[in-house]
Amino acid sequence: MKKFLAVMLAMIMVLSLVVSASASSLAGTYDITVWVAEKAVDLTKQQIADFNASNDAGIVFNATVEAVSEADSATNMITDVEAGGDIFCFAQDQFARLVQAGALAKLGTKAAETVKADNDAGTVAAATSGDVIYAYPLTSDNGYFMYYDKSVIPEEDVDSLEKLIADCEKAQKYFSMELQTSAWYLASFFFATGCVSEWETDEAGQFISVRDTFNSPEGLIAAKGMKKLVDSPMHLSSSQASEFASGAAVVVTGTWAYEDIAKILGDNMGVTDLPSFEVDGTEYHLGSYNGCKLMGVKPQVDAAKAAALHRLAQYLTGEKCQMERFETLSWGPSNLVDQASEKVQANPGLAALIAQAPYSVPQGQIHGSWWDIAKVIGDDVKAAADEAGLQTALDNYYDKIASLFTLSDDVKFGWTIIGTCNLTDGFFYTDYNNEARSTWTDDLPLVKGEDGIWKTEKAYPMEAGVEFKVRQGLSWDNAFPADNFKVEEAGTYFVQFNEATGEVTLVAE
Amino acid sequence: MKTYSDLEFLKLSKGEKFLYKLGSFFCAIPRGIKHLILGIGRGIGKAGQTVGREIKDIVSTFISGDWKTKLSFLVMGFGCLARGQILRGLLFLLFEAVFIGYMVLTGGYWLSMLPSLGKVGPTEAYDEIFDTYVTTYNDNSFKILLYGVLTLFFIVAFVYTWRQNVKQNKMAEKILASGKKLKSGREDLRSLVDDQFHKTLLALPMTGILVFTVLPIVFMVLVAFTNYDGTHDGYYNNLFSWVGMTNFNTMLSWKVTGGAGTQSYAATFGEVLTWTLIWAFFATFTNYFLGMFVAMAINKKGIHFKKGWRTILVLTIAIPQFISLLYVSKMFAKNGIVNGFLMSMGWIQEALPFWDNPTWARISVILINIWIGIPYLMLIATGILMNIPADLYESARIDGANAWQQYRKITLPYMLFITGPYLLTSFTSNMNNFNVIYLLTGGAPTNPAASSAAGTVGYTDLLITWLFKITTGAESQYYLASVVGILVFIVVALISLVVYNVLPSIKNEEDFQ
Amino acid sequence: MSEKSMLGQSHDAPMKRHMGLRASRLAANTAIYVVLIVISIIWLIPFICILLQSFRVESTWQVGYVIPQKWGLDNYYNLFKTDFPKWYVNTFITALITAALQTVIVLCMSYTLSRFRFKMRKALMRFMLILGMFPGMLTMIILYRVLKDLGMTQANSVPGLILVYVASSGMGYYVSKGFFDTIPKSLDEAARVDGATRFQVLKKIILPLSKPIVIYTVLTAFMGPWGDFVFARYIAFGSSAGMNVAVGLFNWLNKDQINSYYTMFCAGGVLVAVPVTVLFLCLQKYYVEGVTGGAVKG
């Protein structure tokens with residue numbers, strides 16, 4: 001009954017698609033929800049109204065704009081994708097989580113090309129998983145630098161972490177850098193000594209590899225530098241602008257805090273790149289992340305609505321809207337044309353970001369769990385009694401990172417079969433209605449023979465119509481054949497796979 | 001262990017008495033567990049017998065019943081209708097119709113999908129005309145599990161109702177055979193406000209509890225046996241499926257997997273549980289005794305403005321905790337006003353690490369909890385203290401007892417006797433005191449060894465806040481949170497079981513009336 | 001509440017001890033006054049601070065001092081430019097309806113369990129006791145889905161919240177059952193002998209005696225929704241129109257909003273606290289009678 005209904009529904013949908021497709025028009029009124037940061041609500045309403053008035057396709061959006069923090073977008077979307085915003089903004093670090101959760105729709109070919117051409121490379125990489133672009137760059141200013149109180153910190157001390165700490169301790173003022181609760185900020189010390197944490201994702205947002213050198217001699221130097229700051233009684237783990245109003249002389253934070261700090265400190269506000277720290281006679285300039293904010297479109301069941309939404313998202317992240325956002329909110333644009341404009345170049349907050357730029361690292365894709373794993377380094381470093389303690393902290397960190405990829409080499413490089421089959425009792429099935437049969441969930445390992453050909457250990461009875469793929473390392477990166485292998489004739493077969501040619505064959509028993 | 005008779009016991013010294021009591025308490029635990037297991041065994045045996053009896057009764061009803069009764073086995077309520085009990089008959093019939101309608105329309109589908117929790121996940125297709133991607137959503141594991149369980153509930157309800165229907169027929173035949181009259185619909189209705197009044201009163205509350213408490217808990221328990229998490233949400237990305245005992249093995253394993261941090265989940269669970277128990281103990285008893293003392297102080301003769309003092313104290317009850325606790329948390333921050341005040345007075349040189357040092361943080365939350373908890377206790381104690389007969393004190397005073405002795409011999413025993421059950425419930429609710437920890441520290445400071453991909457764990461985290469963090473962590477491991485939830489239940493249940501067997505005032509419910 | 005002495009006083013104490021007793025009592029009372037004053041100060045400081053913050057107009061973020069440099073009502077005035085009034089009304093409606101319905105449910109439940117002796121009674125109580133030991137945190141995921149299917153989430157959260165609060169309130173019958181247990185059973189037995197139905201017994205005899213526990217139940221039910229920032233946040237996620245005050249104010253503490261909204265958060269907090277506190281203080285007497293009548297039985 002249910003199935004029949006589903007089939008009917010699908011047919012109706014296909015029909016309606018054909019009908020609307022033949023019209024090939026996006027014209028119509030769409031009720032949508034848009035999630036943006038609280039500050040951008042009014043501007044976004046205005047921009048959607050502008051879009052309604054100016055677009056040539058006859059699209060009218062009846063939009064509800066809700067204030068949802070960009071830092072919480074992923075958590076909110078994962079609560080229930082269906083009830084989430086049709087278009088939503090989020091900070092870059094949540095990208096992979098959102099892709100994995102099925103909360104982001106892929107961009108069409110044209111849209112993807114436009115995004116690539118118009119935005120700076122770092123932000124495009126931030127919106128890409130595998131080779132697929134999933135989101136529209138919104139800003140390119142998610143980095144951090146240093147604000148300080150000129151009445152406490154002499155100008156000549158701002159380049160040295162040690163001098164800054166000494167000044168703060170002397171004046172009984174706080175040095176505020178969020179090292180104990182945020183991996184984003186504490187990575188600064190590791191980048192200073194040349195450590196990297198580079199991650200790679202596949203098309204589905206799954207992480208497939210990492211190159212992480214935090215646990216290294218350089219990492220130990222970074223930890224020593226960090227210890228200088230976290231051990232100071234005047235260190236405060238925070239990135240809030242308001243710390244200046246409660247006893248801080250230095251706060252490491254980003255462009256978003258500029259206006260608030262300007263209000264608090266007035267003429268005493270100093271803005272500059274991060275300082276350097278010294279270990280064993282060598283100076284290391286603190287690094288930083290160079291990140292961005294993105295705008296995503298939720299997956300849609302209706303093609304016309306999807307296309308219309310993508311148009312809107314493209315408009316909202318286009319040259320004009322980014323410039324408006326810069327002018328009203330001081331958000332640094334990711335659009336190359338906007339970036340080159342004089343106004344943007346002259347903005348003092350962004351200028352500090354630019355000064356910090358040589359030491360910054362594009363954020364790219366980072367495993368969602370990394371933020372939790374890495375953020376404890378700050379507490380670990382603080383608790384460490386000596387160099388050995390610091391090393392243990394890094395060792396622990398490394399173990400946790402490694403555990404995110406628990407594949408042994410045998411599994412990583414081995415080949416397996418996966419498909420419409422139940423492998424537990426060795427029978428291949430096409431009977432989808434049989435409850436006990438799970439399909440496309442379990443892998444059957446192949447064994448490498450003397451001749452280098454991979455083969456199943458025994459022959460399996462297969463019905464006609466069974467489909468499967470052979471893949472490596474339980475991942476879809478290397479899977480053959482490109483279209484599923486189909487069994488044409490029922491029989492009992494060995495499955496054979498030639499690694500060199502990628503050829504899959506059946507051998508009758 | 002040697003057991004003493006009453007007389008021997010009285011001869012013992014104080015220390016020996018205490019040790020003896022303690023010893024016999026622990027000796028009683030294995031016996032208690034044995035009784036529990038035997039009890040469960042007996043319960044199962046009894047249940048088996050009951051089922052057997054019921055089936056026998058049903059069969060005999062069918063064989064010996066008349067045609068009205070026999071037809072009632074198929075068409076519920078037919079017997080009632082045929083014998084003139086229209087209201088009952090219609091209700092039975094209606095229930096059967098609704099049940100069959102539901103099972104045919106959707107119930108059957110949910111039930112059939114329950115073993116697999118769905119087969120086809122969402123699919124994505126490229127639409128060339130609009131140059132865009134379109135998603136088709138298919139099976140929904142979450143709904144299958146939810147409505148599957150609901151359908152099972154419904155089936156149980158149906159079987160029960162059907163059994164009632166059969167019983168009704170048997171009883172009706174008996175009554176008619178003895179020449180009496182059956183109850184009319186009007187009489188049925190009247191009994192609902194009289195001898196069956198409890199059913200009327202309980203109907204609404206129990207329905208609510210069934211749907212909004214029991215069903216969710218059953219669902220939550222079942223989640224522990226699946227792989228439901230952020231990347232297997234059952235509809236929008238991947239379906240989830242049954243995984244058996246895997247999650248329990250993960251949580252209870254002492255093996256360091258890395259997934260749990262640099263220590264095993266079992267070790268982390270042990271640490272968090274230990275702190276949870278320490279916290280619950282101190283939170284309960286500091287509040288209990290301090291609240292009692294404050295109540296006694298305010299109630300003392302010669303103290304004026306009694307109402308005023310109480311009013312000031314109960315402000316913490318009246319003002320929502322998310323406002324007051326968040327502010328208090330900020331007050332004690334490194335650069336908060338408490339440290340600022342102490343430093344400006346020159347009493348300290350460096351800020352005190354109220355939230356930064358594990359031990360400091362743990363003591364701080366216990367102390368601040370007193371601020372929240374004393375008022376409740378003060379209110380309760382005020383009322384109870386008033387009920388202590390004044391002549392008890394009088395005679396004590398004539399015997400020359402000082403204030404402390406009076407407290408030890410009269411006030412405390414009286415309070416303990418009456419508030420025993422309250423102490424237990426406040427202990428268990430302190431174990432699950434989410435608000436105080438979440439709003440004050442959020443679990444901080446972090447415990448690096450225990451923090452992992454499943455979320456950070458802090459030194460002040462209780463099991464309940466840990467569970468919350470697991471669900472909101474980067475991987476949203478609901479299945480693991482569910483396992484923790486079940487373990488919390490087991491711990492609380494064990495504690496309650498032990499305490500209930502020691503407490504006198506619960507067993508004798510009627511004594512109070 | 002009567003202000004009679006708790007510890008009792010002996011008026012026929014020997015005269016010669018009288019003077020010494022008086023001196024020592026004076027000393028004891030002075031000590032108690034000192035302690036009470038210190039406690040009161042500790043108890044009041046946070047609330048006074050919040051109140052002072054809400055009148056601070058020279059800046060909107062957190063600061064390191066307590067006394068505002070410039071006083072004003074701007075924060076209260078600005079609240080009305082946000083969705084705050086909407087949240088306030090949402091919460092008020094939720095609290096009002098919840099209080100009414102929850103009281104009915106809890107009283108039905110507790111009265112039945114206290115007064116009737118029926119077959120499944122003990123089993124039922126044990127079952128609910130066990131049920132209460134499960135941490136409810138995770139169940140909000142399921143409750144969300146159930147409410148979503150009923151169309152009661154996000155912008156329509158108010159009925160959804162009421163439904164969940166009321167539906168699960170039967171579990172909290174302990175205190176009022178304890179209270180009913182203290183009313184002598186002989187009263188209803190006498191009435192039953194006179195031919196009154198169970199319903200009439202409840203209406204004519206028990207309810208008039210139950211004023212404290214009814215008010216206690218109403219009061220606790222009314223206060224609950226004002227502080228719910230976890231479950232309500234989950235149900236109303238991403239929709240300002242469906243939030244209650246707790247969720248709305250809590251969201252203002254987000255990193256990107258706190259600096260512009262902190263003093264307004266305090267002002268909002270004061271406005272939330274006022275009605276609840278006033279109500280509580282007015283009905284404190286009944287609250288105490290209810291809680292002492294009931295809580296002692298757990």
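Start where chains A and B meet: select 45 residues of chain B and you have everything on that side in contact with chain A, where 51 residues answer them. Keep in mind as you click around that this is a predicted model.

Which strand gives the most to the side of chain B that touches chain A? Pick residues 132–136 of chain B: that's strand β2, and it supplies five residues. Now color that side of chain B by residue class, and you should get 15 nonpolar, 23 polar and seven charged.

**Next stop: the B–C contact**

Swing over to chain C. Here 76 residues from chain C touch 87 residues from chain B. Highlight residues 15–54 of chain C, which make up helix α1; the largest share of the side facing chain B comes from this helix, at 13 residues. Same coloring trick on the chain C side: 48 residues are nonpolar, 20 are polar and eight are charged.

**Inside chain B**

Hide the other chains for a moment. Chain B splits into domain 1 (6–55), domain 2 (65–244) and domain 3 (265–507), so give each its own color. Drop a C-alpha centre on domain 1 of chain B and another on domain 3 of chain B, and you'll find them 31 Å apart.

Then select two helices of chain B, α6 (residues 141–177) and α8 (residues 197–223). Their axes come within 10 Å and cross at roughly 125°, which makes α6(B) oblique to α8(B). The handedness of this crossing is right-handed.

What sits in the contact between them? Show side chains for B:L145, B:L146, B:V149, B:L150 and B:F153 in α6(B), then for B:L215, B:V218, B:F219 and B:L222 in α8(B), which they meet. By class, the contact has nine nonpolar residues, no polar ones and no charged ones.

**Last stop: a sheet in chain A**

Bring chain A back and switch to cartoon. Look for an open sheet of five strands in the order β11-β8-β12-β7-β13, with mixed pairing. At the edges are β11 (235–236) and β13 (269–272) of chain A; each has a single partner strand, so one side of each has no neighbour in the sheet.

Now zoom in on strand β7 (residues 145–149) and strand β12 (residues 248–253) of chain A. They run antiparallel and are joined by four bridges. To see one of these partnerships, select A:Y148 and look across to β12(A), where its bridge partner is A:V250.

Key
Residues are numbered from 1 along each chain as its sequence is written. Chains are lettered from A and ligands numbered from 1 in the order in which they are written. This is a predicted model: local features need pLDDT of at least 70, side-chain atom pairs count only at pLDDT 80 or more; totals for chains, interfaces and linings use all residues. Two residues are in contact if their C-beta atoms, placed from the backbone, lie within 7 Å. Ala, Val, Leu, Ile, Met, Phe, Trp, Tyr, Cys and Pro count as nonpolar, Asp, Glu, Lys and Arg as charged, and the others, Gly among them, as polar. Axes are lines fitted to C-alpha atoms, for helices over the stretch in contact, and angles run from 0 to 180 degrees between N-to-C directions. Angles under 35 degrees count as roughly parallel, over 145 as roughly antiparallel, 65 to 115 as roughly perpendicular and the rest as oblique. A crossing is left-handed if the near helix is turned anticlockwise from the far one by less than a right angle, and right-handed if clockwise. Two strands pair if DSSP finds at least two bridges between them.
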